[in-house]
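Student: I'd like a close look at just one part of this protein, the helix that sits among other helices. Could you walk me through what surrounds it and how it fits into the rest of the chain?

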Amino acid sequence: MVINSIQELLEKLEKIHQDQDQSIWYRGQASSEWPLKPCYLRLNKVQSESTLLKRFKQSAAMLIDTTPKQSFDWLFLMQHYGVPTRLLDWSESPLVALYFAVENIEKHGDDDATLWLLYPSELNKNAHINNKDEDDYIPSFEDEELKSYSVESLKSNARVQLLPVATIATRNNARIQAQHGVFTIHHHENIAIEEIGDKSHIIKLTIPKASKKAIKSQLALLGYTKFQLFPELASIGDIIKESI
């Protein structure tokens with residue numbers, strides 16, 4: 001399916017929601033060729049995750065106000081600051097995800113973009129995570145189901161390979177709150193999310209490269225700009241530089 005404007009996206013979402021009432025998560029990617037794999041699994045030569053975590057802790061400890069207690073909390077910080085992790089960022093807002101699909105025109109203007117739609121509870125059924133008493137059940141990082149996905153568990157169980165799962169986390173910083181952030185997390189299994197099972201958990205919407213600029217302008221009119229999604233001082237500087 002192809003979308004060339006926000007209006008076309010709304011029309012498709014209305015039709016999708018008429019047919020089902022499950023939660024939908026969204027992820028925008030600047031190139032339609034990119035698989036749904038986290039950065040850590042796309043690296044050619046990679047250090048172990050535990051080594052990356054130790055290196056990050058070594059330099060970050062003196063710069064943060066509150067030291068994370070769990071390895072998952074360290075992963076969130078690493079993801080936040082661009083260190084490769086097993087996490088993929090998703091949003092509960094289609095317009096937030098659409099922004100990320102079209103915002104970097106300077107670098108990816110020659111590529112068609114993608115807006116992915118994910119049924120998180122359906123993805124999790126492939127990993128045998130399903131609550132028979134709650135159709136739309138999604139675990140959090142504090143729940144028992146996610147213990148096998150921790151850094152410590154992966155390090156000690158190298159022979160176990162589990163499928164990716166969708167999970168929610170405490171929105172403990174302004175960026176994740178502004179972006180309505182949720183996550184998927186991979187295990188040892190190096191598989192793209194769109195290749196799992198019968199693929200009924202995922203929908204791909206293509207954004208032609210010729211439509212990126214117009215959609216970005218529409219999003220700006222609706223208030224979806226860098227500062228709204230990255231409410232940080234660095235965003236203000238970038239916006240001022242772009243206006244000069």
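Tutor: Let's start with some vocabulary: a residue is called buried when its relative accessible area is under 20%, exposed when that value is over 50%, and partly exposed in between. Keep in mind, too, that this is a predicted model.

Try those words on a loop residue. H180 has 33% relative accessibility, so it counts as partly exposed. You'll find H180 in the loop between α9 (174-178) and β5 (181-185). Its phi is near 50°, which is a positive value in a residue other than glycine. K199 makes a good companion: its phi, near 70°, is also positive in a non-glycine residue. K199 belongs to the loop between β5 and β6 (202-207), and because its relative accessibility is 46%, it counts as partly exposed as well.

Now for your helix, α5, which runs over residues 94-102. How many of its residues are buried? The count is 8 of 9, so α5 is mostly covered. The buried ones are P94, L95, V96, A97, L98, Y99, A101 and V102. For the chain as a whole, 45% of the 244 residues count as buried.

What meets α5? Before we look, here's how people talk about this: two packed helices are described by the angle between their axes and the distance between the axes.

Take α1 (residues 6-19) as one partner. Its axis and that of α5 come within 12 Å and cross at roughly 135°. That angle makes α1 oblique to α5, and the crossing is right-handed. From α1, the residues in the contact are I6, L9 and L13, and from α5 they are P94, L95 and L98. Sorted by class, that gives 6 nonpolar residues, with no polar and no charged ones.

Another partner is α10 (residues 212-221), which packs against α5 at an angle of about 140°, with the axes 9 Å apart. So α5 is oblique to α10, but this time the crossing is left-handed. On the α5 side you have L95, L98, Y99, A101 and V102, and they meet K212, I215, K216 and L219 of α10. This contact has 7 nonpolar residues, no polar ones and 2 charged ones. If you go back over the two lists, L95 and L98 turn up in the contact with α1 and again in the contact with α10.

For a contrast, look at a pair that leaves α5 out. Helices α3 (residues 49-60) and α4 (residues 71-80) have axes that come within 11 Å and cross at roughly 75°. Those two are therefore roughly perpendicular to each other. Here E49, L52, L53, F56, K57 and A60 of α3 touch W74, L75, L77 and M78 of α4. By class, the α3 and α4 contact has 8 nonpolar, no polar and 2 charged residues.

Finally, zoom out. The chain holds 12 helices and 6 strands. Its radius of gyration is 18 Å, close to the 18 Å that the globule rule gives for 244 residues, so the chain is as compact as a globular protein of that length. Along the principal axes, the C-alpha atoms fill a box of roughly 50 × 45 × 35 Å. And among contacts between residues at least 6 apart in sequence, 77% join residues at least 24 apart.

Methods:
Residues are numbered from 1 along each chain as its sequence is written. This is a predicted model: local features need pLDDT of at least 70, side-chain atom pairs count only at pLDDT 80 or more; totals for chains, interfaces and linings use all residues. Side-chain values use heavy atoms; hydrogens and water are left out. Axes are lines fitted to C-alpha atoms, for helices over the stretch in contact, and angles run from 0 to 180 degrees between N-to-C directions. Helices (H or I, at least four residues) and strands (E, at least two) are DSSP runs, numbered from the N terminus. Angles under 35 degrees count as roughly parallel, over 145 as roughly antiparallel, 65 to 115 as roughly perpendicular and the rest as oblique. Contact means heavy atoms within 4.5 Å. Ala, Val, Leu, Ile, Met, Phe, Trp, Tyr, Cys and Pro count as nonpolar, Asp, Glu, Lys and Arg as charged, and the others, Gly among them, as polar. Buried means under 20% relative accessible area, exposed over 50%, partly exposed in between (1.4 Å probe, protein chains only). A crossing is left-handed if the near helix is turned anticlockwise from the far one by less than a right angle, and right-handed if clockwise. The radius of gyration is taken over C-alpha atoms; the globule rule is 2.2 Å times the number of residues to the power 0.38.
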